[in-house]
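Hi,

Here's the structure I promised to pass on to you. Have a look at it first, then read my notes below.

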Amino acid sequence: MRGMIMSTESQTFTEKFDLLGCIQCGRCTGGCPVTVRTNLNVRRFVYDAYSEEKLEELAKLAEIWDCTACHTCAVRCPKGLKPLEVLIGLRSMLVDSGKVQSTVRNALESVYLEGNPWEKPKATRYDWMEGLDVKLAKPDTPVENLFFVCCTIAYDPRLQVVAKNMVRLLNKAGADYGFMAEGESCCGSEIHTLGEELLFEEIVGENTAFLNDFQARRVITLSPHCFATYKARYPHLNKPVLHYTQLLAELLQQGNLSWGHDLQKKVVFHDPCYLGKQSGVYDEPRRLLKSIKGVELVEFDRSRERSLCCEGGGGKMWVESESKKERLAETRIKDAHNLGAQIVAVACPFCVLTLEDAMKALGYEEEMRVAEMTELLAELA
Amino acid sequence: MTEKPKLGVYICHCGINISATVDVEALTEYALTLPNVKVARHYSYMCSDPGQLLIKNDIKAEGLNRIVVASCSPRMHEPTFRKSIQAAGLNPYFLEMANIREQCSWVHEDRTEATIKAKKLVAAAVAKVRLLEPLEAREVEAERSALIIGAGIAGIQAALDIADAGFKVYLVEKSPSVGGRMAQLDKTFPTLDCSACILTPKMVDSANHPNIELITYAEVEEVKGYIGNFEIKVRKKARYVDFDKCTGCGDCASACRVANRFASEFDEGMGKRSAVYLPFPQAVPAKYTIDPKSCLYLTKGKCGKAPKCAEVCGAGAINFEQTDELVEFKAGAIIVATGFDVFDATGKPEYGYGQYPNVITGLEMERLVSASGPTGGKIKVFNGAEEIVPQEIAFIQCVGSRDKSVGVEYCSRVCCMYTAKQAHLIVDKLPEAKVRVYYMDVRAFGKGFEEFYDRVRREGVRYIRGNPSEIFKRGNKLVIKAEDTLTATPLEDEVDMVVLAVGLKPRSDYRTTMELLRLSQSPDQFFLEAHPKLRPVDTATDGIFLAGCCQGPKDIPDTVAQAKGAASSAMIPLAKGKVTIGAQVATVFEATCRGCGFCVSICPYSAIELVTVNRMGHMIEVARVNEALCKGCGSCSAGCLSDSIQPKSFRDRQILPQIAALGVLR
Ligand SMILES: Cc1cc2nc3c(=O)[nH]c(=O)nc-3n(C[C@H](O)[C@H](O)[C@H](O)COP(=O)(O)OP(=O)(O)OC[C@H]3O[C@@H](n4cnc5c(N)ncnc54)[C@H](O)[C@@H]3O)c2cc1C
Ligand code: SF4
Ligand code: SF4
């Protein structure tokens, strides 16, 4: 049940989010990364949402859109509440009544019609495969690793390289894998956080049926957002789900992967919230980086369980924040710069976008590079 | 049965607990229609003196020979009514209780339905009581000595009380010294007594008392038997130092080739000790111990040319040939006083414990402020590589308490107060320092606690209501990320040192003790008492008692109170010299028993064994019940494939008619 919102009509807000369980300790707000730049105080929402008659007013507050769904509040809450879900519940009220920004509406509509939030046609989802020797999965053919490509990776020209490099690495390792050439559709991670509950439920149902049909031992996701969503919000999925860094670490350990080149660089790994905090995967990406000869792996002070959110999640791709204060991604890049890191390694498409933007804005392009893990690894393999 | 059964049925109102929901008059009338029932009455409180008198008088006047009491659960009052019918001349086991309170009035609302159910319960009790047989409780001799496991303040206090009363005590302590956690503390809240000053005399007494046999660096390995007659085996671990020869001079520890190289357990790893060591200066007994895990000679087989310790010991006490020793004795009662561990703060990685040397636990703080501690009582810590005297100090309460995210839901009861105490000690030692306490609630419930909390605040300790979420580093400062919930202000507070008020947890090795004594656990994993209110020091096993933090988090006053309670309960069998053995035990019909041993494996009290008997010239195995161990729980009976083992008063021929009667309502 972890993280599931139950949509029984009869449940009140208070019951749905266990508001009476809250002891007002303040750990949620205390941990919330965006409090340094916005007015969001998630504990206040947990407290105020207890009065049903206040809900509409609460939903009007701009800060409900500041939440990045990093889940720090939920991880830290001593009473098992998921404070961010209250914000999502309020967003839902707006979505239901159509009072949302056009960017959000378009993203939701696009998922409904095209299976991706980027307003791109369904048919071009697999264009990234062009010119590559990709093994395709068919429902009736058994396969070890069934790949699920994140919408953002499938369509964003900056990120398609993740999928492409993945194929190169898998071919090199001689792995048993398959990508999907039809029917693949948004996992709904951002749909849920944007508050479109009904659509999300529909997506969960459809994707579950679709993925369950494959005779695959497990599903491998490229984005931590899909990974965490499948793990936590797809209760009827019939196969285990892994993040690709887990698979690569496994292939490395089995001796199926090795690096032909050294990399004489100082590298720092940024833990994505959805991979680390939310899913507990910390060691595999580090193991991969440490296996590269020449790499000097350094650590952020705020790493692993204390990693700082890059503000890429929670639907923030479609909602611009009004705050003029320093972006967390910039804080992060400055920290990396202070460490003398030449490469900021990440394992999440959103982190690539936010951190790379920040790096450019800070003018560090000459000194450092933000690289998705697959980019580094495929170059070395 | 020779006599014809003549039954009396007594229906209790329990104030209005029963009568508000069950029509007691209708029930009484109904009871009179049941077979063999001569008398039926209802009364406001059957367990009261007049209530009992009613029964006694009827037994005499009407010649009743079987009694049904329809009232509450038998747990509390079965003994009461057994005594009263016995006083009137009946066998005490000619009693059956119908539970029309917990199983009826308390759980139902509809009066008509509840009354029908009560009638069925009474009819069932009537059906059974007619078939009961007279039973005799037996008495056996009890050993007039006690075993106490664990010599923290709980174990020491219980030992002293029992020994003072004139009984022999075996006090077994796992570590090389008695004292437990209290020995590690500096001052104690709320009175600020110096812990060592009040504890050391008791530690010394526990070693010198003529009635106490103190066995340290030892573990109980086997416990057999039952109340009054426990048979115990204890393993005394080899100290590699001759206990009688060692004078405690400490020459060995200074000479040790690996002197002061190992983390001192007593100083929570903040100080160092040698491979041969005394845990702390006031340790009792003042005898050195060689740690086999750190000694060069014992780990590598070689220590230079010859072990230094042996070279310097004037008393010739070092003995590497020493081996573990097994001690066996009997005891009439056992007190478990094995104490607690503190929450492992690495379980909350967001606080950076283990990563930043200036984030420490409350127990480490005790050692840091203690004059006998690793810094001689000076408050200083490492900030990175630099040793500093902290000027900005924050305490965080509830670390590993009241926190589902680490699986600990309970309040640890002492952390609020020890935090206040430590904050006070810092203000005392570093008057310039700024001290704040992050809290979510302050629980100052004990005698003098609220007054102490008031005092500490007025001394300038700032209390900030908010439980911090994270600690990270900025420059050379620790940053506490929290919210002041009273002003709804998220904040980043820069400090030099953080003290985590870690909660109390069951000991990491609790399973060994639990399995050894077959104890149960409450949901918080501490050992379970027999009843949360009325039997707080008893366990489910007669003759085994609990004292101190092994039963749940407690401060010293509560620990000592419970230890004294456990001591006095344990002394009951010792003082009587006898124990009564329940009569409702399982019996074996040897003629049909096939000796399969299934019951032996089922019995939770290990009360059954297989014995060989001669059946018409054939030597065969059959089950035999140790009546002193059997609790009459009936598990064996439920499991037996040939119906050959059944508890007295719960035989098939007694309970089947009872069950059948539940189905019909005439
Ligand atoms: C940081 C801190 C500060 C505190 N400050 C105060 C204070 O100021 N005032 C106050 O009232 N309370 C205070 N307390 C609480 C106090 O420490 C406890 O109430 C007290 O120590 C409980 O004593 P105990 O005998 O039950 O357990 P323990 O002190 O844990 O003693 C248990 C003993 O049993 C031994 N043992 C364990 N298992 C076995 C075994 N299997 N066989 C043999 N021996 C075994 C252990 O080695 C130990 O010697 C504080 C607690 C902490 C953590
Ligand atoms: S962390 Fe949980 S209990 Fe604490 S204030 Fe937030 S929602 Fe309430
Ligand atoms: S999910 Fe993250 S950003 Fe959203 S309220 Fe919780 S801590 Fe703040």
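**What I found**

Let's start with the shell around ligand 2: its residues split into eight nonpolar, two polar and two charged. Keep in mind throughout that this is a predicted model. If you want to find the spot, the residues surrounding ligand 2 include Cys22(A), Cys25(A), Cys28(A) and Cys77(A). Pro78(A), Leu81(A) and Pro83(A) are also among them, and so are Arg27(A) and Arg43(A).

Next, the way the chains are divided up. Chain A comes in as domain 1 (9-97), domain 2 (103-251) and domain 3 (259-380). For chain B the assignment gives domain 1 (7-135), domain 2 (145-237 + 327-339 + 515-577), domain 3 (238-323), domain 4 (341-505) and domain 5 (586-648). Watch out for domain 2 of chain B, which is written as three stretches of sequence. The C-alpha centres of domains 1 and 2 of chain B are 41 Å apart.

Now for the place where the two chains meet. How much area do chain B and chain A bury between them? About 2,200 Å², with 42% of it on carbon and sulfur atoms. Chain B puts 28 residues into this contact and chain A puts in 26 residues. The rule finds five salt bridges across the interface. One to look up joins the side chains of Glu350(B) and Arg76(A), at 3.9 Å from N to O. There are also 22 residue pairs in polar contact between the chains. On chain B's side, strands E26 (470-474), E27 (477-484) and E28 (489-495) each give two or more residues. E26(B) supplies the largest share, with four residues. Sorted by class, that side of chain B has eleven nonpolar, six polar and eleven charged residues.

Finally, zoom in on chain A, where domain 1 touches domain 2. Their C-alpha centres lie 29 Å apart, and nine residues of domain 1 are in contact with eight residues of domain 2. Together these two domains bury about 760 Å², 51% of it on carbon and sulfur atoms. Which residues of domain 1 lose the most area to domain 2? They are Ile88(A), Ser92(A) and Val95(A), which together make up 45% of what that side buries. The count between these domains is two salt bridges, and you'll also find Glu197(A) paired with Lys16(A) in a salt bridge, the closest N and O atoms being 3.4 Å apart. Six residue pairs are in polar contact across this interface. Helix H6 (residues 83-96) of chain A gives domain 1's side its largest share, five residues.

Have fun exploring!

Key. Residues numbered from 1 in each chain as written. Chains lettered and ligands numbered in written order. Predicted model: local features only at pLDDT ≥ 70, side-chain atom pairs only at ≥ 80, totals over all residues. Heavy atoms only, no water. Near = heavy atom within 4 Å. Nonpolar A, V, L, I, M, F, W, Y, C, P; charged D, E, K, R; others polar. Contact = heavy atoms within 4.5 Å. Buried area = accessible area lost by both parts, 1.4 Å probe. Salt bridge = Lys/Arg side-chain N within 4 Å of Asp/Glu carboxyl O. Polar contact = N/O pair within 3.5 Å; in protein donor to acceptor, adjacent residues only side chain to side chain. Domains from an automatic or database assignment.
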